[in-house]
Amino acid sequence: MNMNRRQFFKVCSAGLGGSSIALMGFSPTAALAEVRTFKLARATETRNICPYCSVSCGVLIYSTGDKSKNSQSEIIHIEGDPDNPVNRGTLCPKGAGLRDMIQSENRLKWPEVREAGASEWKRISWNEAFDRIAKHMKADRDANFVAQNADGLTVNRWPTTGFLVSSASQNEAGYLTVKTLRALGITSLDTQARI
Amino acid sequence: MTNHWVDIKNADLVFVMGGNPAEAHPCGFKWAIEAKKNRKAKLVVVDPRFNRTASVADYYAPIRSGSDIAFLGGVINYLLSNDKIHHEYVKAYTNASFLIDGGFGFEDGIFTGYNEEKRSYDKSTWKYQMGDDGFAKVDETLQDPRCAFQMMKAHYSRYTPEMVSQVCGTPKDAFLKVCEYIASTAAADKTMTSLYALGWTEHSVGSQNIRCMAIIQQLLGNMGMAGGGIGALRGHANVQGITDMCAYAQNLPGYLKAPTDADKDRASYLASRTPKALRPNQMNFPQNFPKWFTSLCKAWWGDAATAENDFAYDYLPKLGGASDTLSIFNAMYEGKINGFFCQGFNPLASVPNKRKVGDGLAKLKYLVIIDPLATDTSEFWKPHGEFNDVKPAEIQTEVFRLPTSLFAETSGTFTNSGRVIQWRWKAAEAPGDSKDDTEIIANLFLRLKAMYAKEGGAFADPILKLTWNYTQPLKPSSEELLREINGKAISDVLDPKDPTKVLVKAGEQLPSFAFLRDDGSTACGNWIYSGVWPQAGNLSARRDNSDPSGLGQTLNWGFAWPVNRRILYNRASADPSGKPWDAKRTVLKWTGSAWAGNDIPDMRPNAAPEEMVMPFIMNPEGVARLFARDMLAEGPFPEHYEPFESPLDNNPMHPNNPKAKSNPAARVYKGDMEAFGTAKDFPYVATTYRLTEHFHYWTKQSRINAIMQPEQFVEIGEELAKEKGIVAGDRIKIRSNRGFIKAVAVVTKRIKALDVDGKKVHTVGIPIHFGFKGATKPGFITNTLTPFVGDANVQTPEFKAFLVNIEKA
């Protein structure tokens, strides 16, 4: 029978009549005994990729809610994607702990600042964070921008602010970061690929 | 990887050196097991430690960390002196026959042109002899003593099995056994795949370690073959993609070499980046550089990039000198950097010499952390006992910490080690007030832009005119960005052979980089990704895993760059006449009118074999390089040099030349040379490594991983433990000349003492994953110990070979 995992769960959980379950070659009693407790059946399944090593294993993320605007979803389970030709449903000890990373107690939740010389963090708004950082950037760029080098050649660079670009984010974020940094004239940039 | 993860299953020999995929890439390593199970392939491992990859290998040989070139040079010598090479392949597909300039030479560890004061070479003789026809001269018989083949043979004749054993500590019989395995794949229908990771890159000679394998795979005829190639097993899930986007100073997206102070205008820049073919009839694909570069400028500055203003050439910053993690932190340490951003990056833990990094961060005016997690770096200013002994009042750096979303909370693409670009879908919202990386960049950029528009300031044009036509300017979507990366036609793209024919209509997505133009009619954010989102839609989201060839190519799963090609150099999987070397693993063959098979041809589709268009289309030679000309910093042939911290007094290959002890072309900053320790005070070789339960400094934040591996430990051999009176479970102190850490001793049989140059050498293995922030037991940062020196070409730090001493804590 041609049925994907998701349809399989749906059929099972819906507790359909014996006829359709029998079609799948299952005995109705056994199947009905299974369906009652299977929590993934009512979860939303999303295909994603493990962010750890470069095998980039396909994962299935199960979350509560149906992705509608007013429902808050929570990830309840992550497992390997059996359709992915590389990992074929497997995950290693690193990837098996993915949910605990997403829900780590050390997740940051709001912008903070540690003022010069201070001993603690202070919560601030995004507006304050963006405003203060942008002012720092502009002041440094305007003060230290090198339009021409000693030989009088146009070089248009801003060497005094550096940026380490994440290798953990998606290509699109990396591209946008590079495009923006280059437009600002930043030449002190690097990424984890180096180390 | 030149090939891809699943293709490992097609190998006859899986050779693992400089990596430990069973623990670091477990789900990819399963394909090595498949090869063993289904093809009766052999698995051979060379490593300082009998790791878990070794535990399932057919053969394991130990090696002293930092002596890989001596070992691999010995393999090259073995293949050449025992005539175990794929002759037809070497002759046709490599530069074996090319004649080398008469001025080039090598004496006692140093190549021609060395400047000791500058620690660099004048490479003007590292080149081919050129004929009057403008092409490189060759000797098809390979007999001329100046041909690359003969010069290579002479160079490696010094790498005898005895010398290998003396330098590496590998027993001679074990070395020869490994050579026999490797040599068995010189047969036309046998392949070896090489799997390596940071065990090769994190050395002061990292690039040349890998060059050795490139030479070996050329000699064996394994490049381009299914089950062949070289597999760089990379770090993060998207480190390949971010490298492709070139989030570093030397290149622009798609590996376009960035302009420097030497490139005064667009014309001279393009001229120096666009090579001329070195042999007749070759594709010399980089001749298209102007199309790639112009299309990038159009993607970034749109209508503001015109022929009149050199397509906004001056909007791009020119690189003035070194710029890499080590040089940037050195500049920071010297007080030359004022502001710094760490986006998903924890340099206090991941850059060598923690003290120097911390002192550098303390000199900043402002530091911005963009991360989903509370990293060690974000609290470099905060006291965490002896793990981070600092006084906040003395540190004037203003530190911002901005929460960002994780993989599960965004959509977009990751590119795996096998160059396959795959779409991911968003599963949940990030906690609290977190924002996506793209949103944070957009907010900062648009604020700056508004300030420049209002107040003016230094050279505002590239900021004010940067293309930013996203539907929600503060929230560019991954879909829009991937379309921009793919590229589109700005005006109609015409057929050069028949200008009445429109190939791509204005405004449409480009089908591939073949349609890029250098006249401003196309825009493309990254040429190598062109084709991922053509007019038909997002090919990275394809999920058809069917595999009609049985080779595991799955051409309709995601999209591999370039042009969905899964095996690079695949033209070389067939002989010069177009017949596959191994018909059972046909990747490509000449059908009489075109190249076809089970992959996208890495060749002009209609290039008939008799045209002699050679497979290595990205090289102006058309062939692969045994002799690397002036491409690397320390020489056209790899030569063994000792790590900067070596247990030996000299380089056993050049005992009387102190200049040739360690990499003569490696950059060492003032103060760092003095911070190197000597074997007198620090007698043990240390090497850092990774555990299967942890990923870098990330999973220490996850509860389940912290339960599996809760605490920092250090691995030592039984003999050393006995000598030092240490038993398993003791707390020990590990010191280098840069600092100390304390950890629990694990005493194992996995690391054995080696006999190196008449001296007993012990190795200390140090996992990296711990720190003072996280769910694991608070611990020291391993990179407190490591030396601040890198590979001479790419400045990857020497994390894998340095010196320590140990004692009971």
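This dialogue explains how to read several features of a predicted model.

User: I should like to begin with chain A. How many helices and strands does the secondary structure of chain A have?

Analyst: Chain A comes to six helices and eight strands. Along the sequence, these follow the pattern α-α-α-β-β-β-α-β-β-α-β-β-α-β. Of the 195 residues of chain A, 47% count as buried.

User: How many residues does each chain bring to the contact between chain A and chain B?

Analyst: In general, the size of an interface is often expressed as the accessible area lost when the parts come together. Here the description is by residues: 102 come from chain A and 135 from chain B. Several elements of chain A each supply at least two residues to the side that touches chain B, including strand E1 (44-49), helix H5 (126-144), strand E7 (154-165) and helix H6 (171-184). H6(A) gives the most, with 13 residues. By class, this side of chain A has 49 nonpolar, 33 polar and 20 charged residues.

User: At what angle do H6(A) and helix H19 of chain B pack?

Analyst: Two packed helices are described by the angle between their axes and by the distance between those axes. For H6(A) and H19(B), residues 478-486, the angle is about 65 degrees and the axes are 9 Å apart. H6(A) is therefore roughly perpendicular to H19(B). The crossing of H6(A) and H19(B) is left-handed.

User: Which residues make the contact of H6(A) and H19(B)?

Analyst: H6(A) contributes Glu172(A), Tyr175(A) and Leu176(A), while H19(B) contributes Ser478(B), Leu481(B), Leu482(B) and Ile485(B). The residues of this contact divide into five nonpolar, one polar and one charged.

User: I now turn to strands. Do the strands E7(A) and E12(B) run parallel or antiparallel?

Analyst: Strands of a sheet pair through backbone hydrogen bonds, and the pairing may be parallel or antiparallel. E7(A) and E12(B) run parallel and are joined by four bridges. Within this pairing, Gly162(A) has Phe340(B) as its bridge partner. E12(B) is also joined by five bridges to strand E13 (residues 366-371) of chain B, and these two strands run parallel. There, Gly339(B) stands opposite Tyr366(B).

An antiparallel case is given by E4(A) and strand E14 (residues 398-403) of chain B, which three bridges join. Arg114(A) stands opposite Val399(B) in this pair.

User: Is Gln343(B), in strand E12 of chain B, buried or exposed?

Analyst: A residue counts as buried if 20 or more other C-beta atoms lie within 10 Å of its own. Gln343(B) has 25 other C-beta atoms within 10 Å, and is therefore buried. The strand that holds Gln343(B), E12(B), spans residues 339-343 and is mostly covered, with five of its five residues buried. Gly339(B), Phe341(B) and Gln343(B) point one way from the strand, and Phe340(B) and Cys342(B) point the other way.

User: Which residues does Gln343(B) touch?

Analyst: Leaving aside residues up to four places away in sequence, Gln343(B) touches Leu164(A), Val165(A), Ser166(A) and Thr177(A), as well as Ile370(B) and Asp437(B). Gln343(B) and Asp371(B) are 28 residues apart in sequence but 6.0 Å apart in space, C-alpha to C-alpha.

User: Which strands form the closed barrel of chain B?

Analyst: The barrel has six strands, in the order E24-E30-E25-E27-E26-E31, with mixed pairing. The twist averages 45 degrees from one strand to the next. One pair consists of E25(B), residues 713-717, and E27(B), residues 739-748, which run parallel and are joined by five bridges. The bridge partner of Glu715(B) in E27(B) is Val746(B).

Conventions. Residues are numbered from 1 along each chain as its sequence is written. Chains are lettered from A and ligands numbered from 1 in the order in which they are written. This is a predicted model: local features need pLDDT of at least 70, side-chain atom pairs count only at pLDDT 80 or more; totals for chains, interfaces and linings use all residues. Two residues are in contact if their C-beta atoms, placed from the backbone, lie within 7 Å. Ala, Val, Leu, Ile, Met, Phe, Trp, Tyr, Cys and Pro count as nonpolar, Asp, Glu, Lys and Arg as charged, and the others, Gly among them, as polar. Two strands pair if DSSP finds at least two bridges between them. Axes are lines fitted to C-alpha atoms, for helices over the stretch in contact, and angles run from 0 to 180 degrees between N-to-C directions. Angles under 35 degrees count as roughly parallel, over 145 as roughly antiparallel, 65 to 115 as roughly perpendicular and the rest as oblique. A crossing is left-handed if the near helix is turned anticlockwise from the far one by less than a right angle, and right-handed if clockwise. A residue is buried if 20 or more other C-beta atoms lie within 10 Å of its own, exposed if 12 or fewer, and partly exposed in between; C-beta atoms are placed from the backbone.
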